[in-house]
Amino acid sequence: MKMIIRLVLVPALLLGMSWSGSAQQKDGLRKLMVDKLDRSKTVLEGIALADFRKITTSAEKLIQLSKTAEWFVHKTPRYELHTNEFRRAAENLADRAQAKNLDGVTLAYFDLTMACVRCHQYVREVRDARLAEPGTVHVAHAKP
């Protein structure tokens, strides 16, 4: 009887630990994305108010976020490319804010936003590819 309990209980516990780890990773990533969005909104507020200190602080925080473990959801060259593009845009944003160049800040913010959009498109593509059943063709939906 003890052997049966061990055979059932140990794998169940191991599965439970992997599920909770996955849930913790998702929660960490969710929090990171909320922080990223909040900082991006603060940059936009700084642009509207020409508050270069607010822009610089937020850009530096975005750079820090991009270096956290939670950020690296995929270990692929293309994901690394998107991360580097995002980080360069955030660094450019901070540089332009320190130079008090509002037009430069605005363009850098646009580049930062485009880096986010491209990366999120890629992450969705990877997710959709993983969800597709083997042997099926994944068809993208065309816009009407």
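When I talk about the axis of a helix today, I mean a line fitted to its C-alpha atoms over the stretch in contact, and the angle between two axes runs from 0 to 180 degrees between N-to-C directions. With that in hand, hello everyone, and let's look at this one together. Please keep in mind that this is a predicted model.

First, the overall layout. The protein has 4 helices and 0 strands, so to speak an α-α-α-α run from the N terminus on. There are 144 residues, and 26% of them count as buried. If you take contacts between residues at least 6 apart in sequence, 61% of those join residues at least 24 apart.

Let's start with the packing of α2 and α3. How do their axes cross? The two axes come within 8 Å and cross at roughly 160°. Anything over 145 degrees counts as roughly antiparallel, and that makes α2 roughly antiparallel to α3. The crossing in which α2 passes α3 is left-handed.

Which residues meet there? On the α2 side you can find Phe 52, Ile 55, Thr 56, Ala 59, Glu 60, Leu 62 and Ile 63. Across from them, α3 brings Phe 86, Arg 87, Ala 90, Glu 91, Leu 93, Ala 94, Ala 97 and Gln 98. Sorted by class, this contact has 10 nonpolar, 2 polar and 3 charged residues. Hold on to two of those names, Phe 86 and Leu 62, as I'll come back to both.

Next door, in sequence terms, is the pairing of helix α3, residues 77-98, with helix α4, residues 102-131. Here the packing angle is about 165°, and the axes are 8 Å apart. These two helices are therefore roughly antiparallel to each other. Once again the crossing is left-handed, with α3 passing α4. The residues of this contact divide into 15 nonpolar, 3 polar and 6 charged.

Now back to Phe 86. How many aromatic pairs does a search of the whole structure find? It finds 1. The partners are Trp 71 and Phe 86, and their arrangement is tilted, with 5.0 Å from centre to centre and 40° between the planes. Where do the two rings come from? Trp 71 sits in the loop between α2 (52-65) and α3, while Phe 86 belongs to helix α3; they are 15 residues apart, and the pair links distant parts of the chain. Are these two residues buried or exposed? Both Trp 71 and Phe 86 are buried. And Phe 86, remember, is among the α3 residues that meet α2.

Let's move to helix α1, which covers residues 2-49 and holds Ser 40. Is Ser 40 buried or exposed? Its relative accessible area is 12%, and buried means under 20%, so Ser 40 is buried. What does Ser 40 touch, once we leave aside its neighbours within four places in sequence? It is in contact with Leu 62, Tyr 109 and Leu 112. Leu 62 is the second name I asked you to hold on to, since Leu 62 is one of the α2 residues that meet α3.

Two aspartates in α1 are worth a look as well. Asp 38 is found in that helix and, at 38% relative accessibility, counts as partly exposed. Its C-alpha atom is separated by 9.8 Å from that of Leu 62, with the two residues 24 apart along the chain. Asp 35 is in α1 too, and at 22% relative accessibility Asp 35 also counts as partly exposed. For Asp 35 and Lys 61, which are 26 residues apart along the chain, the C-alpha separation is 9.1 Å.

Last stop: the backbone in two of the loops. Most residues other than glycine have a negative phi. Which residues go the other way here? Ala 50 has a positive phi of about 55° although it is not a glycine, and Lys 100 has a positive phi of about 55° as well. Ala 50 lies in the loop between α1 and α2, and Lys 100 lies in the loop between α3 and α4. As for accessibility, Ala 50 is partly exposed, with a relative accessible area of 38%, whereas Lys 100, at 59%, counts as exposed.

That's my tour. Thanks for listening, everyone!

Note on methods:
Residues numbered from 1 in each chain as written. Predicted model: local features only at pLDDT ≥ 70, side-chain atom pairs only at ≥ 80, totals over all residues. Heavy atoms only, no water. Buried < 20%, exposed > 50% of the residue type's maximum accessible area, 1.4 Å probe, protein only. Contact = heavy atoms within 4.5 Å. Parallel < 35°, antiparallel > 145°, perpendicular 65-115°, else oblique. Left-handed = near helix turned anticlockwise from the far one by under 90°. Nonpolar A, V, L, I, M, F, W, Y, C, P; charged D, E, K, R; others polar. Phe/Tyr/Trp six-rings, centres within 6.5 Å; stacked < 30°, edge-to-face > 60°.
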